[in-house]
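Good morning, and thank you for joining this group meeting. Please take a moment with the sequence and the structure before I begin.

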Amino acid sequence: GCRWCPSRTGCPYIKARTRAEVADLAILNTSYLLTDANKGRGRFRNRDLCVLDEADLLENEILNQAEVFISKRRMSKMNILPPPRKTVESTWPGWIENEAIPKIRRYLEHIPRPHEHNAGVMDLKEYASLIELLDKLRLLAGDLRKGGWVYDGYAQDNVIFRPIEINDLGQRMVWPHSKRFLLMSATILSA
């Protein structure tokens, strides 16, 4: 079975995804496509043509995929202290490597794993979410050293890292995953 239900054969999501994988034409939303291509198994990579509708929103979707967000509630739950010097960029990678990542790993040791019988749906979601957060933090630690990121989340005491520009992220997250692209939008923007 999958992580969510005991039988893959009856799962409507698995059936629909399998049909889309083998189809000549698959319709996905941009968020799903980027998640699958960059964090999933890449089931929809290397197609001859990728049509992105609502292309005026592509930049926001890339930003959403790249952003690293840790809520105040989640930090409290895992006993993660916020970065001590939020405005000093050079301290951010150390905070990630010495504070955030170790405490998330420690927390993961104490929650049910997906393969354990006592793991409920909420446990599975939390486990998957924390694994994704760890992956994002590892990538972020390297990217922060290159610059081009901002710290946010002051208002609600969350920790949020956002890229300033997405040029390099688009090169990594979007364009390698298809041979050709057609970007469409009913919203007229400048080139």
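In this predicted model, the count of salt bridges comes to 14. As a general matter, side chains of opposite charge can pair when their charged atoms come close.

Let me begin with one pair, Glu-132 and Lys-39. Their side chains meet in a salt bridge, at 3.2 Å from N to O. Which parts of the chain does this pair tie together? Glu-132 lies in helix H6, whereas Lys-39 lies in the loop between helix H2, residues 30-38, and S1, so the salt bridge joins parts that are 93 residues apart in sequence. Glu-132 is partly exposed, with a relative accessible area of 35%. Lys-39 is likewise partly exposed, at 38%.

I now turn to Asp-143, and to two partners of this residue. One partner is Lys-146: the closest N and O atoms of the pair are 3.4 Å apart. Both residues belong to helix H6, where they are separated by 3 residues, about one turn of the helix. Are these two side chains buried or exposed? Lys-146 counts as exposed, because its relative accessibility is 68% and the threshold for that class is over 50%. Asp-143, by contrast, is buried, with a relative accessible area of 12%.

The other partner is Arg-172, whose side chain meets that of Asp-143 in a salt bridge of 3.4 Å, N to O. Here the pair links distant parts of the chain: Asp-143 is in helix H6 and Arg-172 is in helix H7, residues 167-173, with their positions 29 residues apart in the numbering. Arg-172 is partly exposed, with a relative accessible area of 39%.

There is also a network of salt bridges, which links Arg-17, Glu-21, Asp-36 and Arg-43.

Next, the sheet. How many strands form it, and in what order? There are 3 strands in an open sheet, arranged S2-S4-S3, with antiparallel pairing. Strand S2, residues 68-70, and strand S3, residues 149-152, are the edge strands, each pairing on one side only. From one strand to the next, the twist averages 15°. S3 pairs with strand S4, residues 159-163, over 4 bridges in the antiparallel sense. Within this region, Asp-152 stands opposite Ile-160 in S4.

Helix H6 returns at this point. This helix, residues 121-146, lies across S2, S3 and S4, and runs at about 125° to S2. Thus the helix that holds Glu-132 is also the helix that lies across the sheet strands.

On the surface, a nonpolar patch is formed by Leu-49, Val-51, Leu-182 and Met-184, with about 320 Å² of accessible area together. One of these residues, Leu-49, lies in strand S1, residues 47-52. Leu-49 counts as partly exposed, at 44% relative accessibility.

Finally, the protein as a whole. It has 7 helices and 5 strands, and along the sequence they follow the pattern α-α-β-α-β-α-α-α-β-β-α-β. The C-alpha trace spans about 50 × 50 × 25 Å along its principal axes. Of the 191 residues, 36% are buried. Among contacts with a separation of 6 or more, 63% are between residues 24 or more positions apart. The accessible surface of the protein comes to about 12,100 Å², and carbon and sulfur atoms account for 52% of this surface.

Note on methods: Residues are numbered from 1 along each chain as its sequence is written. This is a predicted model: local features need pLDDT of at least 70, side-chain atom pairs count only at pLDDT 80 or more; totals for chains, interfaces and linings use all residues. Side-chain values use heavy atoms; hydrogens and water are left out. Two strands pair if DSSP finds at least two bridges between them. Helices (H or I, at least four residues) and strands (E, at least two) are DSSP runs, numbered from the N terminus. Axes are lines fitted to C-alpha atoms, for helices over the stretch in contact, and angles run from 0 to 180 degrees between N-to-C directions. Contact means heavy atoms within 4.5 Å. Patches are made of residues with over 30% relative accessible area and no salt bridge: like charges are joined within 9 Å, nonpolar side chains (Val, Leu, Ile, Met, Phe, Trp, Tyr) within 5 Å. Accessible areas come from the Shrake-Rupley method with a 1.4 Å probe; for residues, only the protein chains shown count as cover. A salt bridge is a side-chain nitrogen of Lys or Arg within 4 Å of a carboxyl oxygen of Asp or Glu. Buried means under 20% relative accessible area, exposed over 50%, partly exposed in between (1.4 Å probe, protein chains only).
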